[in-house]
Amino acid sequence: MLMIKPLNPIFFLSPLIFTLVGSIITGLFGTKFFNNLIGRKTSHSITIFSILIAFLCSIITFNKLIINNFIYNYNLYTLLTFYNIKLEIGFLIDYLTVLMMCIITFISLIVHIYSTYYMKKDSGYNRFFSYISFFTFSMLLLVMSNNLFQLFLGWEIVGMASYLLIGFWYDKPLAITANLKAFLINRIGDIGLILGICLLFNYIGSMNYIKIFSCSINIAHLNLPNTNCMLITIICICLFIGAMAKSAQFPLHTWLPDSMEGPTPASALIHAATMVTAGIFMITRMSPLFELSNTALSIILFIGAITAFFMGLLGIIQNDIKRIIAYSTLSQLGYMTVGLGVSAYTVSIFHLMTHAFFKALLFLSAGSIIINMKHNQDIRNMGGLYKYMPITCITSLIGLLSLVGAPFFSGFYSKDSIINATYFSQITGSKFAYFLLLISVFITSFYSFRMYFLIFFGKENFKNIKNFPIDKKPNESSFSILFSLIILSIPSILIGFFSIKNFLFQSFFKNIIIINQAHYSLEKLRNEYQSPLKMVFQSINSPILWLSIFGFICAYYLYIVNPKVRIIIKRYFCWFYILMKNQYYINKINELIFIKYTYLFGNFLWNFIDKFLIDELIINNIAKIIIKTSKYIKFFQSGYLYHYIFTVIITFLGFLIYFIPFSINK
């Protein structure tokens with residue numbers, strides 16, 4: 001057990017303070033409300049500087065933890081005290097926290113730099129930089145908390161920030177529909193998260209992580225009142241429902257592909273380092289609870305495997321470049337969830353880290369392509385771009401090779417580790433999950449290289465785009481975009497090789513209080529591979545590598561060698577194509593079952609309760625009575641003295657008639 005030591009709060013709170021202040025300054029003084037006191041250059045300079053300071057502070061904090069071998073637990077402020085119950089604002093700075101801080105601030109810094117060119121013609125330039133800085137603040141608040149109350153606070157704020165970014169172009173109906181969909185589906189997940197937090201608070205009496213972990217064994221054998229269900233299982237399932245919505249797991253995944261309606265840099269930020277990984281982080285943080293329930297782990301394993309497989313399939317038939325990458329995010333989140341289900345928390349976080357870099361690289365490379373295609377995102381309208389955009393072509397290839405798990409690239413080490421951890425696991429359903437993950441390897445390789453071939457090779461279809469100039473050819477993007485792509489390419493290649501020792505062979509999270517691997521031991525993987533290089537060499541005999549190669553061959557044959565075969569396949573499997581085109585009809589099922597009846601119920605509340613009962617019977621009737629009464633009363637307000645005297649006499653006689661009988665009886 002690592003020692004807990006206080007840390008100067010001013011230092012470790014700097015990332016939070018700088019990102020929030022940068023967002024506020026840009027959001028207030030860069031808008032029409034304050035007459036645009038700061039210009040575009042000042043706006044992005046302030047936010048980039050604040051994110052840079054946040055990143056440097058995160059790196060220094062990381063270094064301090066490594067050197068001192070301490071974790072830092074600090075309660076900053078007591079928000080509410082009721083008897084022995086306290087709700088506090090506090091921070092737990094351990095290895096998991098600083099790792100997330102470094103990932104979030106680094107990706108955010110690159111996205112900020114990238115956006116200076118990508119958003120330069122947008123009228124909401126200052127507003128965009130305020131939003132992404134605020135987004136970074138909200139995610140930092142979530143990962144740095146030391147209690148569930150503050151985690152939920154950050155959870156909701158990051159949801160609000162994503163709502164603003166997805167609907168950034170608020171004059172587009174699709175963008176407004178997408179951010180509303182994301183908001184509503186995440187509220188469904190929040191119901192589960194709130195129930196889980198309330199159950200923990202009710203039985204343990206605290207929301208502090210350390211208190212919960214130390215007392216969790218006391219509720220491990222309790223049943224939920226009046227049921228035969230284990231209390232700890234219900235708590236874990238409720239928490240996982242929250243993670244399902246935030247990390248877009250089946251069937252609460254439908255909001256994520258639609259979130260592509262926001263600007264591309266925002267998509268990179270949401271998919272790579274922030275919102276969608278919040279659920280993975282939360283389950284890892286609460287791992288001592290999940291280790292007490294085999295049932296909850298099996299459910300997590302099953303949902304993750306289903307998501308990885310079926311969402312990968314949907315990537316095959318997409319033609320929008322951003323949607324293809326979005327479905328790859330869904331599939332990779334399924335891999336991470338499977339890692340959690342087999343108690344391989346370190347490996348799951350390892351993949352979260354490598355995925356952040358290569359997925360940000362893919363999205364920002366896509367943005368570079370979209371700019372040159374005059375914001376046309378259909379990959380069928382591209383082709384032959386390798387001649388005009390060689391750097392973007394290379395960086396896209398690096399991202400794809402890492403995504404498919406090619407040896408020596410970062411994704412290889414983390415993705416293969418999850419698949420092999422699933423193979424070695426004894427959790428119920430692990431063999432089923434392993435089988436689905438193997439098929440997903442082929443699927444990922446196929447849709448990745450399909451996208452790559454259609455964009456960079458083949459016929460130059462961009463000449464058919466309506467608004468594309470006939471006499472103009474695509475060219476490389478600006479320095480800020482290429483700089484961002486090159487910087488992200490470096491960790492997409494190297495970080496897996498240089499960090500796997502910490503996550504797998506030397507156990508970066510060794511003896512840390514947040515990790516408890518009761519069901520799964522990394523020793524099996526260590527004994528199997530022994531070193532990163534041996535892992536690469538042994539992959540030659542692994543089905544994982546050969547499935548990736550087979551996916552590449554199939555994509556090359558169908559989209560380069562003999563494209564006509566695709567027509568034949570589509571003809572014979574048209575039913576399956578229609579099924580995937582309609583996303584397994586999940587949206588239609590939601591519309592028919594949930595949305596339809598929710599609408600009818602809301603219509604009933606509006607028409608009967610609000611309009612008839614409240615407005616008509618209560619408010620309007622009272623108003624009508626007052627109006628009718630006032631019509632009669634106004635006759636006595638004529639202004640003539642004798643009318644007022646008459647009114648006083650009549651009123652006086654009325655009092656006498658009413659009170660005299662009571663006096664006689666007494």
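**Reading helices, cavities and pockets in a predicted model**

Colleague: Where is lysine 466 placed?

Modeller: Lysine 466 sits in the loop between α19 and α20 (479-505). Helices here are DSSP runs of H or I with at least four residues, and strands are runs of E with at least two, numbered from the N terminus. This is a predicted model, in which local features need pLDDT of at least 70 and side-chain atom pairs count only at pLDDT 80 or more, while totals for chains, interfaces and linings use all residues. Residues are numbered from 1 along each chain as its sequence is written, and side-chain values use heavy atoms, with hydrogens and water left out.

Colleague: Is lysine 466 buried or exposed?

Modeller: Buried means under 20% relative accessible area, exposed means over 50%, and partly exposed lies in between (1.4 Å probe, protein chains only). Lysine 466 has 86% relative accessibility, so it counts as exposed. Lysine 466 and asparagine 376 are 90 residues apart in sequence, yet their C-alpha atoms are 9.8 Å apart in space.

Colleague: Which contact does the side chain of serine 445 make?

Modeller: A polar contact is a pair of N or O atoms within 3.5 Å; within protein, one must be able to donate a hydrogen and the other to accept it, and residues adjacent in sequence count only if both atoms are side-chain atoms. Serine 445 belongs to helix α19, and it is buried because its relative accessibility is 0%. Its side chain reaches the backbone nitrogen of phenylalanine 552 at 3.2 Å. A second case is threonine 354, in helix α16. Threonine 354 has a relative accessible area of 0% and is therefore buried; its side chain makes a polar contact with the side chain of serine 414 at 2.7 Å.

Colleague: What span is expected for α15, and how far apart are its end C-alpha atoms?

Modeller: The expected span of a helix is 1.5 Å times one less than its number of residues. For the 21 residues of α15 that gives 30 Å, and the end C-alpha atoms are 31 Å apart, which agrees. At the start of α15, a side-chain oxygen of aspartate 320 comes within 2.9 Å of the backbone nitrogen of lysine 322. After α15 comes serine 343, with a positive phi near 65°. Of the 21 residues of α15, 21 are buried, so the helix is largely enclosed by the rest of the structure.

Colleague: How many residues of α9 are buried?

Modeller: For α9 the count is 13 of 16, so this helix too is largely enclosed by the rest of the structure. Helix α9 (residues 231-246) reaches 23 Å from first C-alpha to last, close to the expected 22 Å. Just after α9, alanine 248 takes a positive phi of about 55°.

Colleague: How many cavities of 30 Å³ or more are there?

Modeller: On a 1 Å grid over the protein atoms alone, a cavity is a set of points where a 1.4 Å probe fits but cannot get out, whereas a pocket is an open set with protein on both sides within 12 Å along at least five of seven lines; lining residues have an atom within 4 Å of a point. Grid points are joined across faces, edges and corners, and a volume is the space filled by probe spheres set on the points. The count is four cavities of 30 Å³ or more. The largest holds about 80 Å³. Its lining includes Ile321, Leu362, Ser396 and Phe456, and α15 (321-341), α16 (345-372), α17 (390-404) and α19 (430-456) each supply at least two residues.

Colleague: How does the lining of the largest cavity divide by class?

Modeller: Ala, Val, Leu, Ile, Met, Phe, Trp, Tyr, Cys and Pro count as nonpolar, Asp, Glu, Lys and Arg as charged, and the others, Gly among them, as polar. The largest cavity has ten nonpolar, two polar and no charged lining residues. The second largest cavity, of about 50 Å³, has four nonpolar, four polar and two charged. Among the residues that line the second largest cavity are Asn186, Arg187 and Lys246, and α7 gives the most, with five residues.

Colleague: Which residues lie nearest the centre of the largest pocket?

Modeller: They are Ile316, Phe446, Arg450, Tyr559 and Arg566, out of 32 lining residues. Elements that give two or more residues to this lining include α14 (294-316), α19 and α23 (543-561). Helix α19 gives the most, with seven. The largest pocket has a volume of about 980 Å³, and its lining divides into 23 nonpolar, four polar and five charged residues.
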